[in-house]
Amino acid sequence: MKATHKSRKDRVIRFLWLGEVIVLFAAVMAAAWIRFHTEPEYQVQFLEQTPWRAILVAVAVTGAMTAFGLYQTHVRHTRMDFVLRVTLSFAFGGIALVVLYYLLPQAYLGRGVLAMSLAIGLVGIVVVRVAWVHLFHSDVLKQRVLILGAGRNADLINSCMRRRSDRRTFTVVGFVPVPGQPVQVREDLLIHRGEEGLHDLAERLQIDELVIAPDERRGGLPMEQMLLCVQRGMSVVDLSSFFEREAGMVQLNAVDPSWLVFSGGFDYSTPRRLSKRFFDLIAGCVLLLVSWPLMILVGLAVWLESGGPVFYSQTRVGERGRHFTLTKFRSMRVDAEKNGVAVWASKDDDRSTRVGRVIRKTRLDELPQLVAVLRGDMSFVGPRPERPHFVDMLNDEVRYYGVRHSVKPGLTGWAQLRYPYGASVHDAEEKLKFDLFYVKNHGLVFDLMILLQTVEVVLFGRGAR
């Protein structure tokens, strides 16, 4: 078949990662050869042990690149931003390798070989990325997509996926209006098929995938022609699945309850719950052991600026709507909510203290939540826990908002990575698109990816308020 339901973006990123692993592997081998080419006997002995050491270097550096967001498909980087991220990736990757060599001496490459490996690898990665950008900006390698529908639902592709970075793996050939339904798509994007069958039109245009996006499905879908498209090797998906796959979100305007019920996902099996809890306990204990000196310094800074209390506690809504107590370092004045009414934090909130602005920006104020993770009220990764007042309001105003409470809330999460801090009903609705994607697709590998990319959020200050 020409295409499958599996995301081409995932395959593209895996292919890029594999290419960069090969580049880094080759960089280590080249560095070893350069270092010992004048000592043939020692060179042969060293090169015999180099391949598995080279793999460790490649894994460490690409792992750091993941943490700095260089394998995110939905984020655009400026040239300076990219240079900074890739440089930091190699620096942190090198530090991780030094720690590894201390714990596992037999993996040691030698300072000269490691330094040359990182230098050659950095140049190689930059060359690969430049070539990659030019290669995948070409439409030749992109999946050709035809949209059946030209109304409000179909136009969401133009309004929500208009950036070039959103369309790295596909190109929209056009929109086919459904007879009897309103047209909202621009005229220059429309394809009128006249008496031509949908399957013949798709074949003539060399379509790889047909996206079904009418405003009204009842009696308006040419099922037999769609079946012929499938028989001729084309992938046929609905708009909700297309958004889920390509944008990493559940598009609320295009989804109905039946899609949520029948589209799969929502793994709450015992093995998944046990693996998630084990992951939370290990990650929570490690972070607590690493961060306790920093927590003491933060608490001291809060106390020195404005006295006690150092911590503040709030009731939040957790899994299945259960309430729990969340504790954070106090980042606002003691009288921040003196009238007793819950208020969302805003940009440059004047209720924040000087220390509070720093610890909110760096997320240090959230470190005490590790206690809630270890206690089992929260998970390391999950939707952001909200206050009961906001939850009651959002349940009334935002469709499917309650679905996010089918998993434990988290210290970090997919929505926190993909959308800025929410401070309105509109923001909550936008973040819900990503929260639902996580709830529907969560897994151990996904959790680990989110955790690594959270490093980028903390270092670059995205989303904090």
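A residue is called buried when its relative accessible area is under 20%, exposed when that area is over 50%, and partly exposed in between. The structure under discussion is a predicted model, and this scale of exposure runs through the account that follows.

The cysteines offer a simple application. Cys160 has a relative accessible area of 30%, and therefore counts as partly exposed. Cys285, at 37% relative accessibility, is likewise partly exposed. A disulfide is a covalent bond between the sulfur atoms of two cysteines. With a pair of cysteine sulfur atoms required to lie within 2.5 Å, the count of disulfides in this model comes to zero.

Attention may now turn to the helices, beginning with H3, which spans residues 79-103 and contains Val99. The relative accessible area of Val99 is 45%, so this residue is partly exposed. Val99 also belongs to a nonpolar patch on the surface, which it forms with Ile95, Tyr102 and Leu103. Together, these four residues have about 490 Å² of accessible area.

Helix H4, covering residues 111-136, includes Ser117. Here the relative accessible area is 2%, and Ser117 is therefore buried. Which residues is Ser117 in contact with, once its neighbours within four places in sequence are left aside? They are Ala27, Val28 and Ala31.

Burial extends over most of helix H8, formed by residues 239-247. Because eight of its nine residues are buried, H8 is largely enclosed by the rest of the structure. The buried residues comprise Leu239, Ser240, Phe242 and Phe243, together with Glu244, Arg245, Glu246 and Ala247. The list thus includes the aromatic residues Phe242 and Phe243 as well as the charged residues Glu244, Arg245 and Glu246. After H8 comes Gly248, which has a positive phi, near 65 degrees.

The final topic is the packing of aromatic rings. Nine aromatic pairs are present in the structure. One of them joins Tyr438 and Phe446: the ring centres are 5.7 Å apart and the planes stand at 40 degrees, so the pair is classed as tilted. The reasoning rests on the angular cut-offs, since planes under 30 degrees apart would count as stacked and those over 60 as edge-to-face. Both partners are buried, because Tyr438 has a relative accessibility of 1% and Phe446 one of 13%. Tyr438 and Phe446 also take part in a cluster, in which ring pairs link them with Trp414 and Phe437.

Technical notes
Residues are numbered from 1 along each chain as its sequence is written. This is a predicted model: local features need pLDDT of at least 70, side-chain atom pairs count only at pLDDT 80 or more; totals for chains, interfaces and linings use all residues. Side-chain values use heavy atoms; hydrogens and water are left out. Buried means under 20% relative accessible area, exposed over 50%, partly exposed in between (1.4 Å probe, protein chains only). Helices (H or I, at least four residues) and strands (E, at least two) are DSSP runs, numbered from the N terminus. Patches are made of residues with over 30% relative accessible area and no salt bridge: like charges are joined within 9 Å, nonpolar side chains (Val, Leu, Ile, Met, Phe, Trp, Tyr) within 5 Å. Accessible areas come from the Shrake-Rupley method with a 1.4 Å probe; for residues, only the protein chains shown count as cover. A salt bridge is a side-chain nitrogen of Lys or Arg within 4 Å of a carboxyl oxygen of Asp or Glu. Contact means heavy atoms within 4.5 Å. Rings of Phe, Tyr and Trp (its six-membered ring) pair if their centres lie within 6.5 Å; planes under 30 degrees apart count as stacked, over 60 as edge-to-face and the rest as tilted.
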